[in-house]
Amino acid sequence: MKYLILVGDGMGDLPVAELNHRTPLEAAHTPFMDTLCRSGELFLTQTIPEGFPPGSDVANLSLLGYRPEDYYTGRAPLEAAAMNISLTPDQTAFRCNLVTLAHEPNQQVRMIDYSAGHISSEESRQLIAALEAGCGTEFFHFHPGVSYRHILVVTGRYPQMETVPPHDFTGQEVTEAWNRYRNHPQWAELLEKAMNILADHPINTARMAAGKNPANGIWLWGEGKLPQMPTMTERFGISGSLISAVDLLKGLGVNAGLSIINVPGATGYLDTNYNGKAQATLESLRDNDFVFVHVEAPDETGHQGLLKEKIQAIEDFDQKIVGPIFQGLQESGEEFRLIATMDHHTPLCLRTHTASPVPTLLYDSRKTDKGCGLPFNEHSAKTVDEHLHNGMANGELLMEKLLQRKHE
Ligand SMILES: [Zn+2]
């Protein structure tokens, strides 16, 4: 038996007036998910436990069968794992964004750009190297990542404070959050030094001359220690792999003991290599029991508030991921159980995530159930749920349902 979870990140949405009050998933032409859903089961899954932020980290951890209440330690340690940074138990990883800040009169600070103009990895590598040379100590180490996304590893104890994600403050004042760091001499000194190094760096001089946002500050957030997660093999006795373009997802996979398949041309956007991902999925199932496939584009288009593009991303997910994988499995003659779902909703009108339970379809190639008879969308899932109250309380139960076994 082969097991699959196919995730269209942020696919869920709210009814849109322009679509006659249908959601993008209802309006999109998704013949494969609709067919699988009609002859399979449909239910809602609560991927975000109460009190947790509706992030992709928490939601996908859930979908992998790990209760976030037990295993979520923060976003940064997952990204660190994807970047092959191994953390010791006394270390804490922080996400270190290169950002554009404006220092205004009266000590006010404004977040101009959480991404420093989506600075290139080539430019940021040099800036992070300069920060490591100038601010790196036995306690602080900077590790370069992709574009504006980097990691600071802190060894030993450090002054605690509440951190906030910079992308929640684009264009807004961040004085209060900024002052939380400034109140601790250790952080204040690090930020001050970093700003001085960045201010005079030729990369930033060149960016400003070209009319681009300079990376004139660092923003630390998403901190956490190494999660102590048993692997999927330890929990369920299965081997598997994970396919995604996104570091965060790869980090989850590493911690769950899955092998990470890097597909060339996987971009995390509409231009991603769908065919490569579908083929890699089928290939990996020849030697493994389980594969988790993550597609980022529906979420990105949701954040951008782009209706046409979000529908396109959903149709691509259906016709270029779900379809070819389903057909490939049928041709192989293998028995399989397949889940298609999303990690969370990213409504176009909100341009950010929400924590509502997500529609989930489960198809068994042996067709042991009579099938729900409904197409795959938010509306059908709610209807089924209201009648049967059979929603999954969390992702751990979802994994047990998929595998038809309890974890040890
Ligand atoms: Zn997500």
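Which residues point one way from strand E1, and which point the other way? Lys 2, Leu 4, Leu 6 and Gly 8 point one way, while Tyr 3, Ile 5 and Val 7 point the other way. All of them are buried. This is a predicted model. The briefing starts at E1, moves to the zinc site, and then visits helices, loops and cysteines.

**Strand E1 and its partners**

- E1 is mostly covered, with seven of its seven residues buried.
- In a regular strand, side chains alternate between the two faces of the sheet.
- E1 and E11 run parallel, joined by six bridges.
- Along this pairing, Val 7 of E1 stands opposite Thr 341 in E11.
- E1 also runs parallel to strand E10, residues 290–295, and six bridges join the two.
- Here Ile 5 stands opposite Phe 292 in E10.

**The zinc site**

- The zinc ion is coordinated by Asp 9, Ser 56, Asp 343 and His 344.
- Asp 9 appears twice in the list of donors, each time through OD.
- Ser 56 uses OG, Asp 343 uses OD, and His 344 uses NE2.
- The distances run from 1.9 to 2.7 Å.
- Along the chain, the donors follow the spacing D-x46-S-x286-D-H.
- Asp 9 lies in the loop between strand E1 (2–8) and helix H1 (24–27), and His 344 lies in the loop between strand E11 (336–341) and strand E12 (358–364).
- The pair therefore ties together parts that are 335 residues apart in sequence.
- Asp 9 and His 344 are both buried.

**Two domains**

- The domain assignment gives domain 1 as 2–72 + 228–403.
- Domain 2 is 91–224.
- The centres of domain 1 and domain 2, taken over C-alpha atoms, are 33 Å apart.

**Helix H13**

- H13 covers residues 297–304, and its buried residues are Ala 297, Pro 298, Asp 299, Thr 301 and Gly 302.
- Those buried residues pack against E1, helix H12 (274–287), E10 and helix H14 (307–332).
- Gly 305, just after H13, takes a positive phi of about 70°.

**Helix H16**

- H16 spans residues 395–403 and is mostly covered, with seven of its nine residues buried.
- Among the buried residues are Gly 395, Leu 398, Met 399 and Leu 403.
- Two glutamates, Glu 396 and Glu 400, are also buried in H16.
- Asn 394 caps the N-terminal end of H16.
- In this cap, a side-chain oxygen of Asn 394 lies 2.9 Å from the backbone nitrogen of Glu 396.
- Just after H16, Gln 404 has a positive phi of about 55°.

**Loops with a positive phi**

- His 21 is not a glycine, yet its phi is positive, at about 65°.
- His 21 is found in the loop between E1 and H1.
- Is His 21 buried or exposed? His 21 is exposed, with a relative accessible area of 57%.
- Ala 116 is another residue other than glycine with a positive phi, near 45°.
- Ala 116 sits in the loop between strand E4 (108–113) and helix H6 (121–135).
- Ala 116 is buried, and its relative accessible area is 0%.

**Ser 115 in the E4–H6 loop**

- Ser 115 has its place in the loop between E4 and H6.
- At 2% relative accessibility, Ser 115 counts as buried.
- A polar atom of the Ser 115 side chain lies 2.9 Å from the backbone nitrogen of His 118.
- Leaving aside residues up to four places away in sequence, Ser 115 touches Leu 98 and Tyr 148.

**Cysteines**

- How many disulfides does a search of the whole structure find? The search finds zero.
- Which cysteine sulfur is closest to the sulfur of Cys 372? The closest one is in Cys 37, at 3.9 Å, too far for a bond.
- A disulfide needs the two sulfur atoms within 2.5 Å.
- Cys 372 is partly exposed, with a relative accessible area of 25%.
- Cys 349 counts as exposed, at 59% relative accessibility.

Terms used:
Residues numbered from 1 in each chain as written. Predicted model: local features only at pLDDT ≥ 70, side-chain atom pairs only at ≥ 80, totals over all residues. Heavy atoms only, no water. Donors = N, O, S within 2.8 Å, 3.2 Å for Na, K, Ca; no water. Helix = DSSP H or I, 4+ residues; strand = E, 2+ residues; numbered from the N terminus. Buried < 20%, exposed > 50% of the residue type's maximum accessible area, 1.4 Å probe, protein only. Domains from an automatic or database assignment. Pairing = 2+ DSSP bridges. Contact = heavy atoms within 4.5 Å. Polar contact = N/O pair within 3.5 Å; in protein donor to acceptor, adjacent residues only side chain to side chain.
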